[in-house]
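Student: I have a new structure to learn. Can you walk me through it?

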Amino acid sequence: MINPMQQVVIATRRRGSEAVITALQDAGVLHLKPITGGPLSTGSLAGGDAQSRRDDERLLARAESTIAELGAYRPAPAPLPPQEDWERVVEEAAGPVSALARQRQELQADLDAEASYGDAVRTLARLSGGVDRSRRLTVVPFLLQPNDSLADLEAALQGTLKDRYALATDAAGSNRVGLIAVLRGDRDAARAALSRVRLGELRLPGRFDSMSLSDAAAAFEQVRGQGAERQRLLGEEREALARTHGPVLYAVRDALKDRVAIHDVRAVSARGKYSLAMQGYVPADRVPALTAALGRFGDAVAYELHPVDEHHDLSVPVQLKNNSYVRPFQVVMGLMSLPRYGTFDPTWVIALFFPLFFGIIIADIGYGLLFLLFGLWLLGKARRNEGWDLSFFGAYVPPATLRDLGFVTNVMAAWSILWGFLTGEFFGTLLEHLHVFYLNPELLNSLWSWTGIRYPAEEAHHSGLIPILFPRLETGYFSNVALVFALLFGILQVLWGWGIRVQQGLKHRDPVHVWEGLALFGGVGALILMAFATRAGKDFGEFTNFANPLILLMYVGFALFVVGWLRVIKHYPLLPIELLSQGGAVVSYARIFAVGLVSAILAKLCTDVGWSLYENIGFLGILIGILLGALLHFFVLALTLIGHIIQPLRLHMVEFLNPTGFNAETSPAYNPLRRLSAAGTVSGQGK
């Protein structure tokens, strides 16, 4: 659910405003809203306030850049030094850290240069034979591509220099390099000849450009021989600096952020010569914390709380507040925008249906157990307060997020295992081969005969321990049942979405959205009833069968659509096209059946390949079959897993949430003013 908010206006003396703002930081409940216009000053600070802000921001930037150069995650907390020592502490760390960063950067540049040019320079130095150090002669190195013509270069040089040059080429790794030796006075002519045949002189990067080829080759040899060790030593020095300066740097950085936040509060407040006014929002259940923080100032602070205007105020922030089961699924909601304040929070719907849809698609006990192990691994890291460093993606997942992901993964795994028992799948048909799961025709007929299907009569004998109740792999007779079962979710969610549209329109007194919702609720319902009454278009004669209640309800639905469309035709003239689109949205839920069936068929093929090896080779086939089957299962799961997650998400984001209006409007996230440093560590700054 969306946590209810209260709007608050706070007025205080400007002289004591810092103490009030600090108390609000300690409370950590007030979401500020900028004040614009009016008789008091608003916007950017001026005078002494502006200079103080610039000083704090400069020192904060210095601290943050030093922490970034150290490259360490947040260490254990350290005591905060006195405020007068902050600049000294930052500069004592910044000096050696900056110097070390320059050394590491220079070394990395040398290593990159050696990797790119080392082979070429060593070959060229050997070709030069010391001529590159001559006082009278000079050399012009160049690279040759496979399609470059050496004869054209020879002709260009001969035409310009006659016989006053020497040319040599050789292979350097996968490339070919060349060298022109000329008198120093002819160097520009040699370069011009290279240019005429579209060859360029080889120029080395950085400090190597001013060296002779022999000196550059020697320098590259030194880099290659000592670079890795030098890099290791610099890394150890960096870690030592991080251990020495990291804790206190983080403490000072947090305190500086709190001070800059005080300046930010002043900038978004209304300021008079003697007074300062703030406005913002506070969750209704956190009002006691706000009143306790402001109450100790007595008459020095005046404040007023009143309900927010959820119909017209677009700046009301949103904080989601859900129970312990639904709350972890807010990490899934993080892939979408927040709902607008005063509307519908779909987190609990996603918490219910997203893992269910995933379980129906996977529906395999073996795969479910793998997901369960992965979820337990995530929860284990979270319990140990460890994050997950995904450096190859440039990301780091903190322990709190891992805890939510582990919970969500375990719920998905539980549904996968449950549906695996219903479909009789364990890494495909492995347990069916072992006669643990089996098909019981009599039981299947008694369960599903009401749908009009019957298990085909066969002479094959079925035996096992656990009967299969939802045989989705039996496509010859069961696929229609599985398909309609998936479409039922579409019928539920699409109609539910338009019902929410009607409810929200009534709540916000918006007749356009009310009639739009009623029209499409009735129209989509009529299309669904028409499909059932005519058996998917096989019997259009049912249109005149008024004894069929489905036909009567269908006409009521179409009538509701027409009435609703006429009421909003000025706003939505193409609503009939949208009706067809919404019919397609219901059909989109066939993805649950289709993607799940493909997953099951692929898993069956993987297991059947391994099982056939056992049947044809014997004991050796068991070993080969297990290995091959496991590799195939891993490969198939890796290729299809993203789709198995994306498809249920898409059904919620598009087919379900579009009708509700969720994707059309949003509100800012609740981001309260709060302290980063330990309470009481930031000294005052009188104004």
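**Overall form**

Tutor: Start with the whole chain, which is a predicted model. A compact globule of 687 residues would have a radius of gyration near 26 Å, but this chain has 36 Å.

Student: What does the C-alpha trace of the chain span along its principal axes?

Tutor: The radius of gyration of the chain is 36 Å, against near 26 Å for a compact globule of 687 residues. The spans along the principal axes put figures on the trace itself. They are about 110 × 90 × 55 Å.

Student: How many helices and strands does the chain have?

Tutor: Helices and strands are both present. The counts are 19 helices and 12 strands.

Student: What share of the residues of the chain counts as buried?

Tutor: Buried means under 20% relative accessible area. Of the 687 residues, the share that passes this test is 44%.

Student: Among contacts between residues at least 6 apart in sequence, what percentage joins residues at least 24 apart?

Tutor: Take the contacts in the chain between residues at least 6 apart. Then keep those that join residues at least 24 apart. The share is 80%.

Student: How far apart are the mean positions of the positive and negative charges?

Tutor: The chain has 62 positive and 63 negative charges. Their mean positions are separated by 6 Å.

**Helix H1 and its neighbours**

Student: Why is helix H1 largely enclosed by the rest of the structure, and how many of its residues are buried?

Tutor: Helix H1 covers residues 17–27. Its buried residues include Val20, Ile21 and Leu24. H1 is largely enclosed because most of it is buried: of its 11 residues, the buried ones number 9.

Student: Which elements help cover the buried residues of H1?

Tutor: Both helices and strands take part. The helices include H6 (213–267) and H7 (287–295). The strands include E1 (5–13), E7 (275–283) and E8 (301–307).

Student: Which residue makes a side-chain polar contact with aspartate 26?

Tutor: Look in the segment after helix H19 (619–660). The residue there is buried, with a relative accessible area of 13%. Its side chain is joined to that of aspartate 26 by a polar contact of 2.6 Å. The partner is arginine 675.

**Threonine 660**

Student: Is threonine 660 buried or exposed?

Tutor: Threonine 660 is found in helix H19. It touches Gly497, Ile500 and Arg501, leaving out residues up to four places away in sequence. Its relative accessibility is 10%, so it counts as buried.

Student: Which residue has its backbone nitrogen 3.1 Å from a polar atom of the side chain of threonine 660?

Tutor: The threonine 660 side chain supplies one polar atom of the pair. The backbone nitrogen belongs to phenylalanine 662.

**Positive phi values**

Student: Where does histidine 435 lie?

Tutor: Histidine 435 has a positive phi of about 65°, although it is not a glycine. At 48% relative accessibility, it counts as partly exposed. Its place is the loop between helix H12 (430–433) and strand E11 (437–438).

Student: Is arginine 509 buried or exposed?

Tutor: Arginine 509 sits in the loop between helix H14 (475–507) and helix H15 (511–533). Its phi is positive, near 55°. Exposed means over 50% relative accessible area. At 61% relative accessibility, arginine 509 counts as exposed.

How values were computed. Residues numbered from 1 in each chain as written. Predicted model: local features only at pLDDT ≥ 70, side-chain atom pairs only at ≥ 80, totals over all residues. Heavy atoms only, no water. Helix = DSSP H or I, 4+ residues; strand = E, 2+ residues; numbered from the N terminus. Rg over C-alpha atoms; globule rule 2.2 N^0.38 Å. Buried < 20%, exposed > 50% of the residue type's maximum accessible area, 1.4 Å probe, protein only. Contact = heavy atoms within 4.5 Å. Lys, Arg positive; Asp, Glu negative; His and termini not counted. Charge placed at Lys NZ, Arg CZ, Asp CG, Glu CD. Polar contact = N/O pair within 3.5 Å; in protein donor to acceptor, adjacent residues only side chain to side chain.
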